[in-house]
Each structure stands twice: as structure tokens, then as C-alpha cells.
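Here are my notes on this model, set out point by point. Please keep the structure open while you read.

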Amino acid sequence: GIEDADLILMIGANPRFEAPILNARIRKTWRTSPVDLKVGVVGADTDMTYPTTHLGDSADVVLPGAANTEKSVTYVNTEGRAQRTTKAVNPPGTAREDWKIVRALSEIADNKLPYDDVYALRTGMGRVAPHLLKDGEREEANFFSEAAKLKQMGETHSVSETS
């Protein structure tokens, strides 16, 4: 959580006014943490009551992503079940589904991704993460076991650095 963070990046947010409890937690971490907390801000350069590094006023690129109701989405809910939605309405103006934006950028970058429709995209996702194709089936979360392994690796690495 925030209390364990050594770096926080805020984009277009001012928690001092928008989320005062969050801001208080960040300030507490800055005041009490043995690690030097760094806070980067993209957006208005305002007084957050703790030191920040202003990284820019706005984004250099704005991508017109569609809202969830305007695109077909595969996601994993809090129970670990993959679910799919279909778009209810078309996105307004130049907004596009996220995968279409990424696909177009890949072509401009001369590294064209191998899908041209949502079905080819989902097939590719299934090769990388097969559980995403198992709609409604519960997938056991392994976050805590993976986090414990990473922590142990970090502790082992720290010990070897000091010896």
C-alpha cells in the first residue's frame, strides 16, 4: 500500500482536494517512512503539503479511448472469473476501442500486431493467458504466493549484496 511505497505518480489528480484521506496517507508516509518517498505529478503544479516533482502540465498525446459501454471487454472480476462484455452503443466522435488504438499505433511504429478484429485479439490473449477464455470459471488468485516469492528473492538479493 501507500505506506510501503517509495514512488508515487499522480496524473491529473489533486488528492489534497479530491481525496483528502489519501493525501493524508501520502503525507504520513512522507513524514514517517525510512525510505525517501518521491512523488511525481503530471498536471497542475500545486502544493500537496509534501514535496513533489512536477513532471509536466499535460499529456503530450491524448488517445480517444471508448468507455466500457462502448467497447467489447474481457476482464477478470474480484472472484477471479473471466467475463466478457459486448458494446452497448457506438463510441462518439473519434473514440475507438483500446485495442484498435494500440493496433493502429503498432502499424505506425512499423511493428504491426497480428489482429484485425476482436476475435483475433481474444485468440491471441488466450495464447498468452488461457484463463481469459474460460468465461465464468473461477481462477485461483496467486498474488500473495507470487508476492511472497518476490519478497524472498529481494531479501536474498539484499543479503548477497552486503556480503
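1. How many residues lie between β4 and β5 in their hairpin, and which turn residue has a positive phi? Five residues separate the two strands, and Gly-80 in the turn has a positive phi of about 85 degrees. Keep in mind that this is a predicted model.

2. Look next at the strands of that hairpin. β4 covers residues 73-76 and β5 covers residues 82-85. They pair in the antiparallel sense, over four bridges. To find one partner, start at Thr-74: its bridge partner in β5 is Arg-84.

3. Now turn to charged side chains. Side chains of opposite charge can pair when their charged atoms come close. A search of the whole structure finds six salt bridges. Three of the pairs are taken up below, among them Asp-47 with Arg-16.

4. Asp-47 and Arg-16 meet through their side chains at 3.3 Å, N to O. Asp-47 sits in the loop between β2 (38-42) and β3 (53-56), while Arg-16 belongs to helix α1 (residues 15-18), so this salt bridge ties together parts that are 31 residues apart in sequence. Arg-16 is partly exposed, at 33% relative accessibility.

5. Lys-38 and Asp-36 form another salt bridge, at 3.6 Å, N to O. Is each partner buried or exposed? Lys-38 is partly exposed, with a relative accessible area of 47%. Asp-36 has 56% relative accessibility, so Asp-36 counts as exposed, the cut-off being over 50%.

6. Helix α3 (residues 98-108) holds both Glu-107 and Arg-103. They are four residues apart, which is about one turn of the helix. Their side chains meet in a salt bridge at 2.7 Å, N to O. Glu-107 is partly exposed, with a relative accessible area of 45%. Arg-103 has a relative accessible area of 10%, so Arg-103 is buried, the cut-off being under 20%. Which residues are joined into one network? Arg-103, Glu-107 and Asp-116 are, through salt bridges that share partners.

7. Finally, check the confidence. The protein chain has a mean pLDDT of 84, and 91% of its residues reach 70 or more. Among its elements, α3 has the highest mean pLDDT, at 92. Helix α5 (residues 143-162) has the lowest, at 63.

8. Where does pLDDT stay under 50? It does so over residues 157-163. For these residues the model has zero contacts beyond four places in sequence.

Note on methods
Residues numbered from 1 in each chain as written. Predicted model: local features only at pLDDT ≥ 70, side-chain atom pairs only at ≥ 80, totals over all residues. Heavy atoms only, no water. Pairing = 2+ DSSP bridges. Salt bridge = Lys/Arg side-chain N within 4 Å of Asp/Glu carboxyl O. Buried < 20%, exposed > 50% of the residue type's maximum accessible area, 1.4 Å probe, protein only. pLDDT = per-residue confidence, 0-100. Contact = heavy atoms within 4.5 Å.
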